[in-house]
Structure formats: structure tokens, C-alpha cells
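Please work through the exercises below with the structure in view, and try each task before you read its solution.

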Amino acid sequence: MINVAPPRFLRSAYRKEPVSAFVITMGLVDAAIGGFGGSWALVTVGLGATSLAIGLRWWLMHRSRAQLPETIAEYYLPPGTSRPPLPRLDEVKSRSSRHYN
């Protein structure tokens with residue numbers, strides 16, 4: 001039987017951080033191609049890109065958790081309006097057209 005947990009994990013990772021997930025995938029593919037092809041430079045570049053993307057993602061996650069300040073809701077508009085509502089434009093137009101014709 002096929003395990004469905006890895007595809008769900010990969011989909012959620014791509015939704016949350018699409019750029020870093022793409023760089024990780026690209027690095028792993030480069031490393032695999034270089035490993036099978038015998039190109040150690042490509043393996044090194046692939047593993048370096050993957051580790052850099054994972055490290056950057058980890059650092060950004062921990063930095064964002066540490067910087068969550070206590071936010072207080074700020075309201076820029078008053079809860080109620082102090083002005084009467086504006087008249088409808090079609091009613092004003094029909095009244096003004098009667099006066100000029």
C-alpha cells in the first residue's frame with residue numbers, strides 16, 4: 001500500500017514557501033544528476049544549494065517566531081458614521097434633468 005503522508009507534506013511545504021521548496025528540489029535534482037553522471041562538481045553545487053535553502057528557511061522561521069510582537073488593534077475609522085448618507089445619483093440626475101428641460 002502507498003503511504004500518502006509524504007505527498008501531503010510536500011504539497012504543504014510548496015504552498016507555504018514556494019521559492020525555498022523550489023530551490024531545495026532543484027538542488028536535490030542537481031545532486032542526483034551529478035551523482036549518477038559522475039560529475040562531482042554538480043553534486044557539490046546541488047548539495048550546497050539544498051543546504052543553503054534549508055538553512056535560510058530554518059533561520060527565517062526562527063526569526064519570525066522570535067519577532068512576533070504583541071499587537072493591539074488600531075482603528076482608523078470611528079465605529080459609527082456622523083454624516084447622513086449621500087443621495088442616490090440616479091434620483092439627483094432625474095430631478096436636475098426636469099428643471100433644465
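**Exercise 1.** Determine which residues T50 touches, once residues up to four places away in sequence are not counted, and decide whether T50 is buried or exposed.

*Solution.* Begin with the contacts in this predicted model: T50 touches I24, G27 and L28, with residues up to four places away in sequence not counted. Next, place the residue itself, which is found in helix α3. Then turn to its accessibility: the relative accessible area of T50 is 6%, and because buried means under 20% relative accessible area, T50 counts as buried.

**Exercise 2.** Find the backbone atoms that lie 3.3 Å and 2.9 Å from a polar atom of the side chain of T50.

*Solution.* Take the distance of 3.3 Å to begin with, which separates the backbone nitrogen of L28 from a polar atom of the T50 side chain. Then take the distance of 2.9 Å, where the backbone oxygen of G46 is the partner of a polar atom of that T50 side chain. L28 also appears among the residues that T50 touches when residues up to four places away in sequence are not counted.

**Exercise 3.** Describe the surroundings of A53 and S20, and state for each whether it is buried or exposed.

*Solution.* Start with A53, which has its place in helix α3 and touches S20, V23 and I24 when residues up to four places away in sequence are not counted. For one of these partners, I24, a separation can be given as well: A53 and I24 are 29 residues apart in sequence, while their C-alpha atoms are 6.0 Å apart in space. Continue with S20, which sits in helix α2 and, leaving aside its neighbours within four places in sequence, is in contact with A53 and R57. Finally, compare each value with the cut-off: because buried means under 20% relative accessible area, A53 at 8% is buried, and S20 at 12% relative accessibility is buried too.

**Exercise 4.** Identify the residues that make the nonpolar surface patch, and assign W58 and L56 to the classes buried, partly exposed or exposed.

*Solution.* The patch, of about 440 Å², is made by L56, W58, W59 and L60. Consider W58, a residue of helix α3, with a relative accessible area of 52%; because exposed means over 50%, W58 is exposed. Consider then L56, which also lies in helix α3 and has a relative accessible area of 47%; because values between 20% and 50% count as partly exposed, L56 is partly exposed. As for its position, L56 is 36 residues from S20 in sequence, and the C-alpha atoms of the two are 8.3 Å apart.

**Exercise 5.** Work out how T44 is placed with respect to G27, and whether T44 is buried or exposed.

*Solution.* First locate T44, which is found in helix α3. Then note that T44 and G27 are 17 residues apart in sequence and, from C-alpha to C-alpha, 9.3 Å apart in space. Lastly, the relative accessible area of T44 is 54%, so with exposed meaning over 50%, T44 is exposed.

**Exercise 6.** Summarise the chain as a whole: which elements does it have, how many of its residues are buried as a percentage, and which helices have the lowest and highest mean pLDDT?

*Solution.* Counting the elements gives 4 helices and 0 strands, which run α-α-α-α from the N terminus on. Turning to accessibility, buried residues make up 11% of the 101 residues, and the chain exposes about 9500 Å², of which carbon and sulfur atoms supply 67%. Among contacts between residues at least 6 apart in sequence, 32% join residues at least 24 apart. As to confidence, the mean pLDDT of the chain is 77, and 71% of its residues reach 70 or more. Among the elements, helix α2 (residues 18-37) has the highest mean pLDDT, 89, and helix α4 (residues 89-100) the lowest, 59.

Methods:
Residues are numbered from 1 along each chain as its sequence is written. This is a predicted model: local features need pLDDT of at least 70, side-chain atom pairs count only at pLDDT 80 or more; totals for chains, interfaces and linings use all residues. Side-chain values use heavy atoms; hydrogens and water are left out. pLDDT is the predictor's confidence in each residue, from 0 to 100. Helices (H or I, at least four residues) and strands (E, at least two) are DSSP runs, numbered from the N terminus. Patches are made of residues with over 30% relative accessible area and no salt bridge: like charges are joined within 9 Å, nonpolar side chains (Val, Leu, Ile, Met, Phe, Trp, Tyr) within 5 Å. Accessible areas come from the Shrake-Rupley method with a 1.4 Å probe; for residues, only the protein chains shown count as cover. A salt bridge is a side-chain nitrogen of Lys or Arg within 4 Å of a carboxyl oxygen of Asp or Glu. Buried means under 20% relative accessible area, exposed over 50%, partly exposed in between (1.4 Å probe, protein chains only). Contact means heavy atoms within 4.5 Å. A polar contact is a pair of N or O atoms within 3.5 Å; within protein, one must be able to donate a hydrogen and the other to accept it, and residues adjacent in sequence count only if both atoms are side-chain atoms.
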